[in-house]
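Colleague: I should like to go through the helix packing in this entry and hear the reasoning behind each term.

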Amino acid sequence: MTSSRRLLLPLGASLTRGRFSSYHQIRNGFGLRGLATITSTEPTLANLAEKCAGAIPECSSADDDDISKIRHEFELAKQRFINIPEALSSMPKMNPQGIYVNKNLRLYNIQVYGFDYDYTLAHYSSDLQSLIYDLAKQHMVNEFRYPESCMKFKYDPTFPIRGLYYDKQKGCLMKLDFFGSIEPDGCYFGRRKLSRKELENMYGTRHMGREQARVLVGLMDFFCFSEACLIADMVQYFVDAKLEFDASYIYNDVNRAIQHVHRSGLVHRGILADPTRYLLKNGQLLRFLRSLKDKGKKLFLMTNSPYHFVDGGMRYLMEESFGLRDSWRDLFDVVIAKANKPEFYTSEHPFRCYDEGRDTLAFTKVDSFHPDKIYYHGCLKSFLQITKWRGPEVIYFGDHLFSDLRGPSKAGWRTVAIIHELEVSWPYVIIAFSLLYSLNNLNIELSLLLDQREIQIQNEDSYRFEQAKFNIIQELLGKFHATVSNNQRSGTCQSLLDELNMERQKAREAMKQMFNRSFGATFVTDTGQESAFSYHIHQYADVYTSKPENFMFYKPEAWLHVPYDIKIMPHHVKVASSLFKT
């Protein structure tokens, strides 16, 4: 189910070793200044506004006219804030089931379709995160001798999002933007959000330098939700107990526990023992796979999970669609389990044939693939030699940007990132409701579902309205700081600046609360800047979508091209402040 499922920030290298007390550091504060940053050197309006937001400006009578004009524009804008502009209703709505393109892709040229299993072909309910969290927590208490009181911890689905980073030196869980800067309201020590002052004391700057980035570890796949929550809860336990601890040890122990529950089969047995609770059936998936076969395409399944788990899950997912003599394996030309991605793409491990009846691996050399056989391990080099499939004609679907997609993208395959956060389909919501037993659980589940429907929220007028408000305040702040430049302090200047900053913060907080209460949206920061998670999608995925069967909505010979007006992420519509000026 999982192997090496995390990676450092692109600028990072190895972990800097050294032990210290994270608890005392968060109390006393410290700074690491003068390090190289990974932000753009070109000054932007947002950077100017952020840099000067807390400063006390200076202005003189010579600037009074300009300040008065800014004040007038601000008062006029506030009047227009009362009603949502009609222009918003005419803006295009993005399709939650759409395919979004980072690199041009001609489907006509694709002859081979490959798939990961977990969170790609198989969709899971949110209960799986609770199962992983509880099993890992038990392992830490029973095997690593963490305090018995940790058994009281409960998974909180409203806390984490995908794409967070954990600082193994300082113990902070944070969200980064596209350029590797810490989001001001998105950094937590345990379960407590750090203030901007604490953030400054701890890091010196929001912009993560190369040395600081080396100790960051990314939590990028769908199994990371339980991991991020457990890390934060363990840090919070030591903080509350006023015990000294090493933040890297907590990460290592949580990560080892998460890996154990996967590799030992505990999670697999739990899912197969109650598939109706954890697996979400999807009739469209079978239609999609069959349509590919009918068009003469080759299909392969390559997963890190063991075969018995994949077989049990696929049988459950498709039991109502197949006849007595049919099998899900008839859909695939090659099935590879325990592939050990991402090492699969760089190693030279041989393939081994798996005997399902005896649960053993054969010793004979694998020099050809047969649809009625199962294969374990292997490597990309041998895979291409055996199949003779050329890189550009192969497309691979996966949910993990590093383990699933980075290797194929470097090998010349086309890649599809499966990003469930783009959409929450109502059949899934109905299934989730059937599992709820109390009003409290209902509130949590509703919050989780709302957190995940990113495109629906970005389509709503209320979100676009707040985004336009934020943009126009940013423009006014830019004009203000360009105007106030001498040493004559004015109370009028300070008053206007305070009001602008307050209005900007209100719009920023309103946008954040529409998504996740702790970290906001997965793809964008509170300021509308794309997140570090978006950066990795842009880097490793040719296209991305919410689920594989969305390809059924496109003709097999379709040309998927990058929009002409693309900013960074194709699904993200940016609302111009000019909407308020008509």
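Colleague: Which residues of α7 meet α8, and which residues of α8 meet α7?

Modeller: This is a predicted model. In it, Ser 226, Glu 227, Leu 230, Ile 231, Met 234, Val 235 and Phe 238 of α7 meet Ile 250, Tyr 251, Val 254, Asn 255 and Ile 258 of α8. By class, this contact has 9 nonpolar, 2 polar and 1 charged residues.

Colleague: Why are α7 and α8 called oblique to each other?

Modeller: The axes of α7 (residues 224–240) and α8 (residues 247–263) come within 10 Å and cross at roughly 140°. Roughly antiparallel would require an angle over 145 degrees, and roughly perpendicular one of 65 to 115. The value of roughly 140° meets neither condition, and α7 and α8 are therefore oblique.

Colleague: What is the handedness of the crossing of α7 and α8?

Modeller: The crossing of α7 and α8 is right-handed.

Colleague: What makes α4 oblique to α9?

Modeller: The axes of α4 (residues 127–142) and α9 (residues 266–273) come within 10 Å, and the crossing is at roughly 140°. That angle makes α4 oblique to α9, since angles count as roughly antiparallel over 145 degrees. The crossing in which α4 passes α9 is right-handed.

Colleague: Which residues of α4 and α9 meet, and how many of them are charged?

Modeller: Leu 128, Leu 131, Ile 132 and Leu 135 in α4 meet Leu 266, Val 267, Gly 270 and Ile 271 in α9. The contact has 7 nonpolar, 1 polar and no charged residues. Gly counts as polar, so Gly 270 is the polar residue here.

Note on methods. Residues numbered from 1 in each chain as written. Predicted model: local features only at pLDDT ≥ 70, side-chain atom pairs only at ≥ 80, totals over all residues. Heavy atoms only, no water. Axes fitted to C-alpha atoms, helices over the stretch in contact; angles between N-to-C directions. Helix = DSSP H or I, 4+ residues; strand = E, 2+ residues; numbered from the N terminus. Parallel < 35°, antiparallel > 145°, perpendicular 65-115°, else oblique. Left-handed = near helix turned anticlockwise from the far one by under 90°. Contact = heavy atoms within 4.5 Å.
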